[in-house]
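I opened this notebook to keep track of what I looked up, starting with charged pairs and moving on to sheet and core.

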Amino acid sequence: PTPAPPKKTTHTLMNLLLVLPFLFAFFFFFFWFFFFFFFNDTATTEIYTILFVGSVSVYKRQLVYRKIAPGYEVYSRMGIYERDLSSHKERPLVENTLVKGMCVNCHAFNRTDPSHFSLHIRGTHGATFMRTGNKDEYLNTKTDQTIAACVYPYWYPGGEYIAYSTNNTRQSFHTVKDERVEVLDLESDVVVYHPADHHLLLCDSLQKKDRFETFPAFSPDGRTLYFCSAEAKKIPEEYKEIRYNLCSIDFDPSAGTFGSRIDTLVNAEALGKSVSFPRPSYDGKYIMFTLSDYGNFSIWHKEADLWLLDLTSGDLRKLSEVNSDDTESFHNWSSNSRWFVFSSRRGDGLYTRLYLASMDENGKISKPFLLPQEDPETYYDRSVYSYNVPDFTSEPIKIDTRVFEKKITSKERIQVQAKK
């Protein structure tokens with residue numbers, strides 16, 4: 001006899017059993033992708049790396065930064081490092097283990113061009129390393145008319161000048177739970193250095209006794225010098241009353257002279273806030289800066305956020321696209337002003353990591369992503385170093401560490417001269 005055909009329900013059940021694993025895998029992947037893409041910086045890093053490296057010819061390949069353990073009373077190993085953004089390769093440029101007791105900081109390049117390079121060295125063998133084209137010099141930038149050695153550099157577009165501030169800085173420590181370190185200026189001024197004749201150009205308007213001036217930055221055309229300025233207060237009694245405005249003064253590069261008027265671009269004091277780290281975009285459209293509740297060294301201020309000033313319209317806005325509930329601080333632009341890099345403590349509140357974001361021609365900003373690593377979760381979980389002062393460079397930096405060590409440990413320094 002002919003066997004009865006199998007029931008249709010049996011076929012349906014078997015087909016369902018065969019399909020279920022595929023359905024489960026599909027939905028698992030979908031929800032994993034959704035969660036990690038929108039809520040996890042590490043996964044977002046991996047996804048955006050493809051887009052970022054793909055546009056490598058547009059921005060620039062190298063990123064230079066300082067790495068330092070977030071110690072308080074003392075510092076241990078630190079250095080200036082260069083990262084190839086088309087790979088995961090990092091190499092040290094200068095480490096403080098090269099010379100005992102050396103601290104390296106305040107590095108700057110001219111609009112991402114490393115042929116103009118300034119680096120400050122503190123300690124027994126203190127100096128300012130200055131590269132202009134093919135010439136390297138080791139300077140003593142402290143004069144009898146300035147407060148201290150030159151720090152916080154920013155190059156004039158053509159490389160003929162470089163702006164600095166001179167600061168009498170102190171560090172103090174909080175005893176409350178959520179606040180750790182405060183860096184305060186007892187006094188500070190802004191100066192401009194002319195490498196060709198080793199002169200510091202001084203200006204009475206930038207050396208006022210009743211004001212703190214710091215963090216200078218030239219406009220892309222070089223005819224305006226931006227800086228932060230605050231009314232001088234008693235330290236430490238009134239340190240929480242110090243609030244810096246974003247200001248500007250004209251600069252004449254042909255004569256090396258300053259204008260007679262100070263303009264206030266952002267009156268942060270009126271908002272109960274304080275400006276630090278102003279960085280003009282190289283296309284001349286914007287100034288990005290950090291805004292915090294008080295002071296000028298906001299790297300431990302949880303409320304510190306990035307803000308953007310539109311130089312055409314005068315509009316001011318908080319960069320909600322990239323800010324977090326924790327500290328945002330140091331930042332810099334790519335050469336075409338379409339990318340920017342910034343440091344943030346959003347990961348764990350302790351260590352600063354580097355994040356990158358893009359901006360289109362209309363000012364629309366992308367979701368930021370963590371600096372890519374070959375194994376980001378393992379790398380960042382195990383790293384005990386903070387990143388700060390990141391900046392793009394257009395090509396790898398050439399520096400002979402043997403020559404650098406010899407020059408730093410020698411007593412030979414070019415003494416700069418102050419000039420009004």
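Entry one, a salt bridge between strands. I began with K318 and D305, whose side chains meet in a salt bridge at 3.3 Å, N to O, and I keep in mind that this is a predicted model. K318 lies in strand β20 (residues 316-318) and D305 in strand β19 (residues 305-310), so the pair ties together parts that are 13 residues apart in sequence. I then looked up how far each partner is open to the outside: K318 has a relative accessible area of 38% and is partly exposed, whereas D305, with 8%, is buried because the limit for that class is under 20%.

Entry two, other charged pairs. How many salt bridges does the structure hold? I noted 15, and I followed up two further pairs from the listing. The side chains of E82 and R91 meet at 2.8 Å, N to O; here E82 counts as buried at 5% relative accessibility, while R91 counts as partly exposed at 32%. The side chains of D204 and K420 also form a salt bridge, with an N to O distance of 2.8 Å. This pair links distant parts of the chain, since D204 sits in the loop between β11 (199-201) and β12 (211-218) and K420 in the segment after β27 (417-419), 216 residues apart. Are D204 and K420 buried or exposed? I found that both of them are exposed.

Entry three, a four-stranded sheet. I traced an open sheet of four strands in the order β3-β2-β1-β25, with antiparallel pairing. At its edges stand β3 (90-95) and β25 (386-393), each with a single partner strand, so one side of each is left without a neighbour in the sheet. From one strand to the next, the twist averages 25 degrees. Within this sheet I checked the antiparallel strands β1 (residues 62-68) and β2 (residues 78-84), which are joined by seven bridges, and I noted that K67 has G79 in β2 as its bridge partner.

Entry four, the nonpolar cores. The largest nonpolar core has 45 residues, and those with the most contacts inside it are V192, F218, L225, F258, F340 and L371. Which residues does F258 touch, leaving aside those up to four places away in sequence? I recorded V192, L201, L202, C203, L206, L225, I249, D250 and F251. Apart from this core lies another, of 27 residues, which includes V151, F215, C228 and I242.

Note on methods: Residues are numbered from 1 along each chain as its sequence is written. This is a predicted model: local features need pLDDT of at least 70, side-chain atom pairs count only at pLDDT 80 or more; totals for chains, interfaces and linings use all residues. Side-chain values use heavy atoms; hydrogens and water are left out. A nonpolar core is a set of buried Ala, Val, Leu, Ile, Met, Phe, Trp, Tyr and Cys residues joined through side-chain atoms within 4.5 Å. Buried means under 20% relative accessible area, exposed over 50%, partly exposed in between (1.4 Å probe, protein chains only). Contact means heavy atoms within 4.5 Å. A salt bridge is a side-chain nitrogen of Lys or Arg within 4 Å of a carboxyl oxygen of Asp or Glu. Helices (H or I, at least four residues) and strands (E, at least two) are DSSP runs, numbered from the N terminus. Two strands pair if DSSP finds at least two bridges between them. Axes are lines fitted to C-alpha atoms, for helices over the stretch in contact, and angles run from 0 to 180 degrees between N-to-C directions.
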